[in-house]
Amino acid sequence: MKKVAWALALFFTIPVTAMAGEDVVNTITSNKEAIDLLQGNLNYVWTLIAACLVFFMQAGFAMVESGFTRAKSAVNIMMKNLMDFSMGSIAFWAIGFGLMFGTSGTGWFGTDGFFLSGWEGPDGDQWVLAFWMFQCVFAATAATIVSGAVAERTKFSGYLIYSIVLCAFIYPVFGSWAWGSLLNGGGWLEGLGFIDFAGSTVVHSIGGWAALAGAIVSGPRLGKYGKNGEVRAIPGHNIPMAAIGVFILWLGWFGFNPGSTTTGDSSIAMIFVTTNLSAAAGAICAMFTSWIMFKKPDIGMSLNGALAGLVGITAGCANVSPSSAIIIGAISGVLVVLSVVTIDKMHIDDPVGAISVHGVCGAWGTLAAGLFNMGGTNVKIITTQLIGIGAAFVWAFGAAFILFKVIDMTIGLRISKEDEMMGVDITEHGAHAYNDFQTLN
Amino acid sequence: MKKIEAIIKPFKLDDLKEGLGELGITGMTISEVKGFGRQKGHTEIYRGAEYVVDFIPKIKMETVVKDDMVDIVIDKILSSVNTGSIGDGKIFVIPIERICRIRTGETDNDAI
């Protein structure tokens, strides 16, 4: 007991004597410097925690996509999600980050900062690393959206090439137009006053329109449409897994939207609330829409509805009120169900609804960010939003369509009929997702 | 010796097991099977598109009894699993040539 008391006494006296030794005079300037340093550190911590949450969305996407497709394709979906993040990280490090955030003379793309050359070493400013990490998980989110839309019927090697090109080129070029000035760049679209706080257009529409191109070029799965054009269902093999995937994505969005402040301050509270309310309204409205249209509250549509609400609020999460967020989410929820049904009728086979959730609701969310702007709205704001939506479609759909066509003509995009019936897991990876279980269908 | 094979609705398995237990039947084998009869499957909805499930999940129960038990067992099955609705299933009776209990080597009626 005596020893402990001595240790405690020693412990408390050392700092006191040390401080007494220094002649510290706190001035207003030194206090401000200390506060700024603390705020700067908080920004690092918040941005990197948010990056973790956005990274976790990869798990959500993997689960939603494999849950909504057949058991014979689950290995392939997991591999695609693992590899688009891994390959995408390297591609974004080498090329994408520089194109997106490097110095831009023209407003069309950045020209420096490749291979993270903006980093000044361990003794210099570290912000570029934190910022890169946060932007890297965003690039991978855009890439992984396509994986579900082309599921069960495409070559793995073709997908790898796609994910490199998207993260190195397609996503960063558009990103530089809208977000370049967040670091060293500056794009023509943000110059017009385009509002897209966390990426309804920059991330989700870009991924969604690339998914549309991929689904069109690869064509529908065997048996998806009958001889007379009737739409056939190909039920997913694990709905509980898809549902948990949606919960994980919802959680991840609390990094995606509030994290886009890259600042640890009180503004993140409202963004949390708008994000959550929109997702809730999206799920509810998608459920009622499916209930009215199909006589039953459909689980797949309701899950898509939650995601639709999240995508829809992503652009305006920082500049619309919580009550506007409910309206934005509610409309997203209705829109996603109508869009899934319409796209199916157009014979574009999107097993997970990625085009509707990310492309269509991303476009709606971007328009809504202008319509419900708390600072007021006018024709100029709406026009700018529409220009951004249009530019995203033309660029992402156009570039991805050419990319998928080139892949199709060179190494091939679609697997053979026999391989598709056997399942991509066995033919592309030589593996089963569920050993010891017989997989029908 | 006869084998009684009954294809029934899965949720009726407990009723069947209990009913046959009351008759002193000491063993049975069940399997999860899929099939269709006059019912011809049913339709389900997935993400807005209707589809037909051709092969509906059923339970197949097999048990072997002495000849004089056959009618009693059939009556018991009927009374315990009948719901009166389509898809209740069928009972098949099949003659058995020989039985052998592996542990003791007992044969035929002694081995039931």
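In this predicted model, helix H12(A) passes helix H13(A) in a right-handed crossing. H12 covers residues 354–371 of chain A and H13 covers residues 379–409. Two packed helices are described by the angle between their axes and the distance between the axes. For this pair the angle is about 165° and the axes lie 8 Å apart. Angles over 145 degrees count as roughly antiparallel, and H12(A) and H13(A) are therefore roughly antiparallel to each other. On the H12(A) side, the residues that meet the partner helix are A:Ala363, A:Thr366, A:Leu367, A:Ala369, A:Gly370 and A:Leu371. Facing them from H13(A) are A:Ile381, A:Ile382, A:Gln385, A:Leu386, A:Gly388 and A:Ile389. Sorted by class, this contact holds 8 nonpolar and 4 polar residues, with no charged ones.

A second helix pair in chain A can be read in just this way. Helix H2(A), residues 28–67, packs with helix H8(A), residues 239–256, at an angle of about 160°, and here the axes are 7 Å apart. That angle makes H2(A) roughly antiparallel to H8(A). As for handedness, H2(A) passes H8(A) in a left-handed crossing. The residues in this contact divide into 21 nonpolar and 6 polar, and again no charged residue turns up.

Stepping back to chain A as a whole, its secondary structure comes to 15 helices and 0 strands. Its C-alpha trace spans about 90 × 60 × 45 Å along the principal axes. A compact globule of 441 residues would have a radius of gyration near 22 Å, and the 24 Å of chain A agrees with that.

Chain B is built from another mix of elements, with 2 helices and 6 strands. Followed along the sequence, these elements give the pattern β-α-β-β-β-β-α-β. The C-alpha trace of chain B spans about 60 × 25 × 20 Å along its principal axes. Its radius of gyration is 17 Å, whereas a compact globule of 112 residues would have one near 13 Å.

Now for the sheet. Strands of a sheet pair through backbone hydrogen bonds, either parallel or antiparallel. In chain B, 4 strands make an open sheet in the order S2-S5-S1-S6, and the pairing is antiparallel. The edges are S2 (29–35) and S6 (89–95), each of which pairs on one side only. Ignoring direction, neighbouring strands are turned by 20° against each other on average.

Going across the sheet from one edge, S2(B) pairs with S5(B), residues 56–65, over 7 bridges. Within this pair, B:Thr29 has B:Glu62 in S5(B) as its bridge partner. Next, S5(B) and S1(B) are paired over 7 bridges, in the antiparallel sense, and B:Ile8 stands opposite B:Ile59 in S5(B). At the other edge, S1(B) and S6(B) are joined by 7 bridges and run antiparallel. There B:Ile7 stands opposite B:Lys90 in S6(B).

Both helices of chain B can be placed against this sheet. Helix H1(B), residues 13–22, packs on the sheet and touches S1 (2–8), S2 and S5 of chain B. The direction of H1(B) makes about 10° with that of S5(B). Helix H2(B), residues 70–81, also packs on the sheet, touching S1, S5 and S6 of chain B. Its direction makes about 10° with that of S1(B).

The other two strands of chain B pair with each other. S3(B), residues 42–46, and S4(B), residues 49–53, run antiparallel and are joined by 5 bridges. Together S3(B) and S4(B) form a hairpin with 2 residues between them. In the turn sits B:Arg47, with a positive phi of about 50°. One of the pairings in this hairpin links B:Thr43 to its bridge partner B:Val52 in S4(B).

Finally, the two chains come together. Here 13 residues of chain A are in contact with 7 residues of chain B. On the chain A side, the elements that give two or more residues are H9 (267–294), H10 (299–314) and H11 (322–345). H11(A) gives the most, with 3 residues. By class, this side of chain A has 8 nonpolar, 1 polar and 4 charged residues.

Conventions. Residues numbered from 1 in each chain as written. Chains lettered and ligands numbered in written order. Predicted model: local features only at pLDDT ≥ 70, side-chain atom pairs only at ≥ 80, totals over all residues. Contact = placed C-beta atoms within 7 Å. Nonpolar A, V, L, I, M, F, W, Y, C, P; charged D, E, K, R; others polar. Pairing = 2+ DSSP bridges. Axes fitted to C-alpha atoms, helices over the stretch in contact; angles between N-to-C directions. Parallel < 35°, antiparallel > 145°, perpendicular 65-115°, else oblique. Left-handed = near helix turned anticlockwise from the far one by under 90°. Rg over C-alpha atoms; globule rule 2.2 N^0.38 Å.
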